[in-house]
Amino acid sequence: MFTGIIEAVGSIRQIQPKENVVCIHIDPGNLDLADSLIGDSIAVNGVCLTITALVEGCFTADVSGETLGCTYGLDIPGNPVNLEKALRFSDRLDGHLVSGHVEGIGEVVAFAQTGDRCLLAIEPPPQLLRYIVPKGSITVDGVSLTVNQISDGRIEINLIPHTLANTAFGQCKPGQKVNLETDMIAKYVAHFFDQAQGRQP
(Lines give C-alpha, C1' and ligand atoms only; values in the text may rest on other atoms or scores of the structure.)
Protein backbone atom coordinates (compact mmCIF):
# COMPACT_ATOMS: atom_id res chain seq x y z
CA MET A 1 0.00 0.00 0.00
CA PHE A 2 1.19 3.52 -0.83
CA THR A 3 0.10 7.14 -0.39
CA GLY A 4 1.07 8.75 -3.69
CA ILE A 5 3.55 11.06 -1.94
CA ILE A 6 6.70 10.74 -4.03
CA GLU A 7 9.97 10.29 -2.13
CA ALA A 8 12.40 10.66 -5.03
CA VAL A 9 12.75 10.70 -8.79
CA GLY A 10 14.89 7.91 -10.18
CA SER A 11 15.51 6.56 -13.65
CA ILE A 12 15.48 3.30 -15.57
CA ARG A 13 19.17 2.45 -15.92
CA GLN A 14 19.02 -0.89 -17.72
CA ILE A 15 16.57 -3.39 -19.19
CA GLN A 16 17.50 -7.06 -19.05
CA PRO A 17 15.22 -9.62 -20.73
CA LYS A 18 14.85 -12.86 -18.80
CA GLU A 19 12.67 -15.93 -19.16
CA ASN A 20 9.01 -14.77 -19.04
CA VAL A 21 9.93 -11.43 -17.45
CA VAL A 22 12.01 -8.31 -17.94
CA CYS A 23 14.45 -7.35 -15.20
CA ILE A 24 14.73 -3.59 -14.83
CA HIS A 25 17.60 -1.86 -13.05
CA ILE A 26 16.51 1.39 -11.41
CA ASP A 27 18.74 4.20 -10.23
CA PRO A 28 16.93 5.41 -7.08
CA GLY A 29 18.15 8.99 -7.28
CA ASN A 30 17.94 10.47 -3.77
CA LEU A 31 15.78 7.65 -2.40
CA ASP A 32 17.35 6.18 0.75
CA LEU A 33 17.44 2.40 0.38
CA ALA A 34 19.27 1.78 3.67
CA ASP A 35 16.17 0.20 5.23
CA SER A 36 15.05 -1.62 2.06
CA LEU A 37 15.30 -5.38 1.71
CA ILE A 38 14.89 -7.89 -1.09
CA GLY A 39 11.17 -8.65 -1.26
CA ASP A 40 10.06 -5.16 -0.27
CA SER A 41 7.45 -3.39 -2.38
CA ILE A 42 8.21 -0.12 -4.09
CA ALA A 43 6.04 1.97 -6.41
CA VAL A 44 7.72 2.89 -9.70
CA ASN A 45 5.64 5.41 -11.67
CA GLY A 46 2.62 4.10 -9.82
CA VAL A 47 3.35 0.42 -10.43
CA CYS A 48 3.87 -1.77 -7.36
CA LEU A 49 7.05 -3.77 -7.93
CA THR A 50 9.10 -6.11 -5.74
CA ILE A 51 12.77 -5.50 -5.09
CA THR A 52 14.72 -8.54 -6.32
CA ALA A 53 18.25 -7.25 -5.73
CA LEU A 54 20.15 -4.29 -4.34
CA VAL A 55 23.38 -3.83 -6.25
CA GLU A 56 25.75 -0.97 -7.09
CA GLY A 57 23.46 1.68 -5.65
CA CYS A 58 20.50 0.45 -7.71
CA PHE A 59 17.64 -1.92 -7.14
CA THR A 60 16.21 -4.41 -9.58
CA ALA A 61 12.67 -5.65 -10.13
CA ASP A 62 11.15 -8.25 -12.43
CA VAL A 63 8.25 -7.08 -14.60
CA SER A 64 5.94 -9.50 -16.37
CA GLY A 65 4.74 -9.08 -19.92
CA GLU A 66 1.21 -8.58 -18.59
CA THR A 67 2.35 -5.64 -16.45
CA LEU A 68 4.30 -4.11 -19.34
CA GLY A 69 1.21 -4.43 -21.51
CA CYS A 70 -1.05 -2.41 -19.18
CA THR A 71 1.44 0.22 -17.98
CA TYR A 72 3.80 2.73 -19.56
CA GLY A 73 7.42 3.70 -19.08
CA LEU A 74 8.94 0.73 -17.26
CA ASP A 75 10.88 -0.57 -20.25
CA ILE A 76 12.37 2.70 -21.52
CA PRO A 77 16.06 3.13 -20.59
CA GLY A 78 16.74 6.60 -19.20
CA ASN A 79 13.07 7.23 -18.44
CA PRO A 80 12.61 9.23 -15.21
CA VAL A 81 10.36 7.49 -12.69
CA ASN A 82 8.57 8.56 -9.52
CA LEU A 83 9.50 6.38 -6.55
CA GLU A 84 7.74 5.65 -3.25
CA LYS A 85 8.50 2.97 -0.69
CA ALA A 86 5.59 1.03 0.80
CA LEU A 87 3.51 2.64 3.54
CA ARG A 88 4.13 1.67 7.17
CA PHE A 89 1.22 1.56 9.61
CA SER A 90 2.99 4.23 11.67
CA ASP A 91 3.26 6.64 8.71
CA ARG A 92 1.04 9.63 8.10
CA LEU A 93 -1.43 9.26 5.24
CA ASP A 94 -0.67 12.56 3.53
CA GLY A 95 -1.95 11.59 0.06
CA HIS A 96 -4.62 8.91 -0.34
CA LEU A 97 -4.75 5.12 -0.31
CA VAL A 98 -2.91 3.84 -3.41
CA SER A 99 -2.57 0.14 -4.24
CA GLY A 100 0.01 0.42 -6.99
CA HIS A 101 -2.25 -1.48 -9.40
CA VAL A 102 -2.44 0.61 -12.56
CA GLU A 103 -5.87 0.48 -14.19
CA GLY A 104 -5.17 2.21 -17.46
CA ILE A 105 -2.91 4.44 -19.50
CA GLY A 106 -3.94 8.04 -20.07
CA GLU A 107 -2.58 10.66 -22.45
CA VAL A 108 -1.48 14.15 -21.53
CA VAL A 109 -3.46 16.55 -23.75
CA ALA A 110 -2.29 19.81 -22.17
CA PHE A 111 0.57 20.86 -19.94
CA ALA A 112 0.99 24.60 -19.56
CA GLN A 113 1.90 27.24 -17.01
CA THR A 114 -0.99 29.63 -16.44
CA GLY A 115 -0.25 32.31 -13.88
CA ASP A 116 0.81 30.77 -10.57
CA ARG A 117 -0.34 27.28 -11.49
CA CYS A 118 0.51 24.58 -13.97
CA LEU A 119 -2.41 22.96 -15.76
CA LEU A 120 -2.17 19.23 -16.42
CA ALA A 121 -4.98 17.84 -18.57
CA ILE A 122 -5.24 14.11 -19.17
CA GLU A 123 -7.55 12.01 -21.33
CA PRO A 124 -8.14 8.78 -19.40
CA PRO A 125 -9.57 5.56 -20.82
CA PRO A 126 -13.38 6.05 -20.96
CA GLN A 127 -14.05 3.14 -18.58
CA LEU A 128 -12.21 4.92 -15.77
CA LEU A 129 -14.28 8.11 -15.89
CA ARG A 130 -17.04 6.64 -13.70
CA TYR A 131 -14.56 6.46 -10.81
CA ILE A 132 -13.29 10.04 -11.19
CA VAL A 133 -15.05 13.01 -9.60
CA PRO A 134 -14.20 16.72 -9.27
CA LYS A 135 -12.16 17.37 -6.10
CA GLY A 136 -11.57 13.62 -5.82
CA SER A 137 -8.23 11.84 -5.80
CA ILE A 138 -6.42 10.16 -8.66
CA THR A 139 -2.93 8.70 -8.98
CA VAL A 140 -0.93 9.78 -12.03
CA ASP A 141 2.44 8.06 -12.49
CA GLY A 142 2.34 7.27 -8.78
CA VAL A 143 1.54 10.83 -7.65
CA SER A 144 -1.54 11.52 -5.53
CA LEU A 145 -3.35 14.43 -7.18
CA THR A 146 -6.69 16.20 -6.86
CA VAL A 147 -8.98 16.43 -9.88
CA ASN A 148 -9.95 20.06 -10.43
CA GLN A 149 -12.62 19.45 -13.05
CA ILE A 150 -13.81 17.01 -15.70
CA SER A 151 -14.74 18.29 -19.15
CA ASP A 152 -15.27 16.60 -22.53
CA GLY A 153 -13.81 13.31 -21.40
CA ARG A 154 -10.65 14.79 -19.95
CA ILE A 155 -9.59 15.60 -16.42
CA GLU A 156 -7.83 18.80 -15.39
CA ILE A 157 -5.39 19.00 -12.51
CA ASN A 158 -3.55 21.97 -11.03
CA LEU A 159 0.08 21.25 -10.18
CA ILE A 160 1.79 23.36 -7.53
CA PRO A 161 5.51 24.27 -7.78
CA HIS A 162 6.42 21.74 -5.04
CA THR A 163 4.92 18.88 -7.06
CA LEU A 164 6.74 19.97 -10.21
CA ALA A 165 10.04 20.20 -8.35
CA ASN A 166 9.78 16.84 -6.57
CA THR A 167 8.33 14.56 -9.25
CA ALA A 168 9.04 13.71 -12.87
CA PHE A 169 6.23 16.05 -13.99
CA GLY A 170 8.82 18.72 -14.68
CA GLN A 171 9.59 16.85 -17.91
CA CYS A 172 5.96 16.29 -18.86
CA LYS A 173 4.65 17.29 -22.29
CA PRO A 174 1.50 16.86 -24.42
CA GLY A 175 1.22 13.43 -26.00
CA GLN A 176 2.99 11.73 -23.12
CA LYS A 177 1.47 8.53 -21.73
CA VAL A 178 0.83 8.25 -17.99
CA ASN A 179 -0.16 5.44 -15.63
CA LEU A 180 -3.50 5.97 -13.90
CA GLU A 181 -5.05 4.48 -10.78
CA THR A 182 -8.44 5.77 -9.66
CA ASP A 183 -9.56 6.20 -6.07
CA MET A 184 -9.91 2.90 -4.23
CA ILE A 185 -13.01 3.95 -2.30
CA ALA A 186 -14.76 5.07 -5.51
CA LYS A 187 -14.19 1.63 -7.03
CA TYR A 188 -15.67 -0.19 -4.04
CA VAL A 189 -18.70 2.11 -3.92
CA ALA A 190 -19.31 1.60 -7.67
CA HIS A 191 -18.95 -2.16 -7.27
CA PHE A 192 -21.43 -2.36 -4.41
CA PHE A 193 -23.86 -0.12 -6.32
CA ASP A 194 -23.60 -2.36 -9.38
CA GLN A 195 -24.23 -5.44 -7.23
CA ALA A 196 -27.26 -3.81 -5.63
CA GLN A 197 -28.65 -2.95 -9.05
CA GLY A 198 -27.97 -6.47 -10.33
CA ARG A 199 -25.44 -5.25 -12.88
CA GLN A 200 -22.12 -6.80 -13.74
CA PRO A 201 -19.17 -4.50 -12.88
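**Close-up views of a predicted model**

**View 1. Val 21 in strand β2.** Val 21 is found in strand β2, which covers residues 21–27. The model shown here and in the other views is predicted. Val 21 has a relative accessible area of 22%. That value makes Val 21 partly exposed, because buried would require under 20%. Setting aside residues up to four places away in sequence, Val 21 touches Asp 62, Val 63 and Ser 64. Gly 78 can serve as a distance marker: Val 21 and Gly 78 are 57 residues apart in sequence. From C-alpha to C-alpha, they are 19 Å apart in space.

**View 2. Thr 3 ahead of strand β1.** Thr 3 lies in the segment before β1, the strand of residues 8–18. Its relative accessibility is 6%, so Thr 3 counts as buried. What does Thr 3 contact, leaving aside its neighbours within four places in sequence? Its contacts are Glu 84, Leu 87, Arg 92, Leu 93, Gly 95, His 96, Val 98 and Ser 144.

**View 3. A barrel of 6 strands.** The barrel closes in the order β7-β8-β11-β10-β9-β12. Pairing is antiparallel. On average, neighbouring strands of this sheet are turned by 45° against each other, direction ignored. Strands of a sheet pair through backbone hydrogen bonds.

**View 4. The β7–β12 pairing.** Strand β7 spans residues 104–114, and strand β12 spans residues 177–182. How many bridges join β7 and β12? The two strands pair over 4 bridges, in the antiparallel sense. One residue to look for is Gly 104, whose bridge partner in β12 is Leu 180.

Terms used:
Residues are numbered from 1 along each chain as its sequence is written. This is a predicted model: local features need pLDDT of at least 70, side-chain atom pairs count only at pLDDT 80 or more; totals for chains, interfaces and linings use all residues. Side-chain values use heavy atoms; hydrogens and water are left out. Buried means under 20% relative accessible area, exposed over 50%, partly exposed in between (1.4 Å probe, protein chains only). Contact means heavy atoms within 4.5 Å. Two strands pair if DSSP finds at least two bridges between them. Axes are lines fitted to C-alpha atoms, for helices over the stretch in contact, and angles run from 0 to 180 degrees between N-to-C directions.
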